[in-house]
Amino acid sequence: MNHHVRAPSTTSLLCMEASARLRSFTAAAQELRLTQGAVSRQIQTLEDRLGVRLFTRRRDALALTDAGRYYLGEVAPLLHRLERATANVMAFKGRGGELSLSVGASVGSYWLIPRLPGFTRDHGEILLNLGTRVGPVDFRATAVDASLEFGDGQRAGLHSEFVLPLVLSPYAAPAWIASHGKAVDAGTPRASLIHHQTLPDAWDEWFALEGIAGGAGREGPRYEIMSMALNASVAGMGVALLPPYMGEDMVAAGRLKRLSRRKWRHAKGYYLVYPEESAQMQSLQVFRAWLLEQAQGNGVA
């Protein structure tokens, strides 16, 4: 087996990407400022090198073969990173640049974004782009540099650094408390326990922590992201287990009350996850140092 396969030229990959997107060698040539013959030769050389057909040539337009679709799916994120790295070096002379970050919806909205003005003030050379998703990021399929995500820190082949614990306590609206009492106990209606889809056993763990007889059950509504659970509890629909960075602002505003002084720390937490190719990015190194500094006084009390 050959362990030293030489990568194809960037030009041939750019020709493939443009031809696939525009479905035409002629249109790709115009975009890349090459001749149509040059683009065709680059594709032919690439196909000969790979030993597969990448395109089906039809009368009306080009179409990728199955092998072509797979190969483009693998190389397109790399081309995007190359293009952005080039633009960043030209614009920032290596001092900063863009950083694309995927963030869990709730920790992003309620913990990270309120702290970002300080980062922007101190690091104006870095343009931070944020996206959100539920669950771990597939870095091969998504053009992001790093992810602040909920998990156990075990991501094979990736850097994974602990940032924040997930600490939960029960919160409910004053109107709900007036009807159901100031604490969650054995008499609390199970249908009013608001569940998180990503933390299916959270209420069972809370009942065990508090020594409440009987299980929490699954009668209450289940929401995919924690901010939905927060808003449902504010609306008086039930009691939700929330981290203090989400619940305490609502307590200060008089819209929620905390029903226990006890806190439960989940076995999982929030990690900064990134592939090896992102590790040397100066913008990521600066953001990582700032993020870990913010987490020192992380407001989980």
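**Exercise 1. Burial of helix α9**

Task: Determine how many of the nine residues of helix α9 (residues 226-234) are buried, and where in α9 they lie.

Solution.
Step 1. Fix the terms. Buried means under 20% relative accessible area, exposed means over 50%, and partly exposed lies in between (1.4 Å probe, protein chains only). Helices are DSSP runs of H or I with at least four residues, strands are runs of E with at least two, and both are numbered from the N terminus.
Step 2. List the buried residues of α9: M226, S227, A229, L230, A232, S233 and V234.
Step 3. Conclude. Seven of the nine residues are buried, so α9 is largely enclosed by the rest of the structure.
Step 4. Look just past the helix. G236, just after α9, has a positive phi of about 85°.

The model is predicted: local features need pLDDT of at least 70, side-chain atom pairs count only at pLDDT 80 or more, and totals for chains, interfaces and linings use all residues. Residues are numbered from 1 along each chain as its sequence is written, and side-chain values use heavy atoms, with hydrogens and water left out.

**Exercise 2. Confidence**

Task: State the mean pLDDT of the protein, then find which elements have the lowest and the highest mean pLDDT.

Solution.
Step 1. pLDDT is the predictor's confidence in each residue, from 0 to 100.
Step 2. The mean for the protein is 88, and 92% of its residues reach 70 or more.
Step 3. Among the elements, helix α4 (residues 66-92) has the lowest mean, 76. Strand β9 (residues 239-242) has the highest, 97.

**Exercise 3. Two helices against α3**

Task: Give the crossing geometry of helix α1 (residues 10-22) with helix α3 (residues 36-50), and of helix α2 (residues 25-32) with α3.

Solution.
Step 1. Set the conventions. Axes are lines fitted to C-alpha atoms, for helices over the stretch in contact, and angles run from 0 to 180 degrees between N-to-C directions. Angles under 35 degrees count as roughly parallel, over 145 as roughly antiparallel, 65 to 115 as roughly perpendicular, and the rest as oblique. Contact means heavy atoms within 4.5 Å.
Step 2. Take α1 with α3. Their axes come within 9 Å and cross at roughly 110°. That makes α1 roughly perpendicular to α3.
Step 3. Name the contact residues. α1 supplies T11, S12, L13, C15, M16 and S19, while α3 supplies V39, Q42, I43 and L46.
Step 4. Sort them. Ala, Val, Leu, Ile, Met, Phe, Trp, Tyr, Cys and Pro count as nonpolar, Asp, Glu, Lys and Arg as charged, and the others, Gly among them, as polar. The α1 contact with α3 has six nonpolar, four polar and no charged residues.
Step 5. Take α2 with α3. Their axes come within 8 Å and cross at roughly 110°. α2 and α3 are therefore roughly perpendicular to each other.
Step 6. Here F25, T26, A28 and A29 of α2 meet Q36, V39, S40 and I43 of α3. This contact of α2 with α3 divides into five nonpolar, three polar and no charged residues.

**Exercise 4. Salt bridges**

Task: Count the salt bridges in the structure, then work through the pairs of D66, E149 and R288.

Solution.
Step 1. A salt bridge is a side-chain nitrogen of Lys or Arg within 4 Å of a carboxyl oxygen of Asp or Glu. Side chains of opposite charge can pair when their charged atoms come close.
Step 2. The structure holds 12 salt bridges.
Step 3. D66 pairs with R69, with the closest N and O atoms 2.2 Å apart. Both lie in helix α4, three residues apart, about one turn of the helix. D66 is exposed at 59% relative accessibility; R69 is partly exposed at 47%.
Step 4. E149 pairs with R155, the closest N and O atoms being 2.4 Å apart. E149 is buried at 7% relative accessible area, and R155 is partly exposed at 24%.
Step 5. R288 pairs with E161, the closest N and O atoms being 2.7 Å apart. R288 lies in helix α12 (residues 282-296) and E161 in strand β6 (residues 159-172), so the pair ties together parts that are 127 residues apart in sequence. R288 is partly exposed at 29%, whereas E161 is buried at 19%.
Step 6. Salt bridges with shared partners join E17, R21 and E31 into one network.

**Exercise 5. The surroundings of S278**

Task: Is S278 buried or exposed, and which residues is S278 in contact with, leaving aside its neighbours within four places in sequence?

Solution.
Step 1. S278 lies in helix α11 (residues 276-279).
Step 2. Its relative accessible area is 0%, so S278 is buried.
Step 3. With neighbours within four places in sequence left aside, S278 is in contact with R81, D145 and L284.
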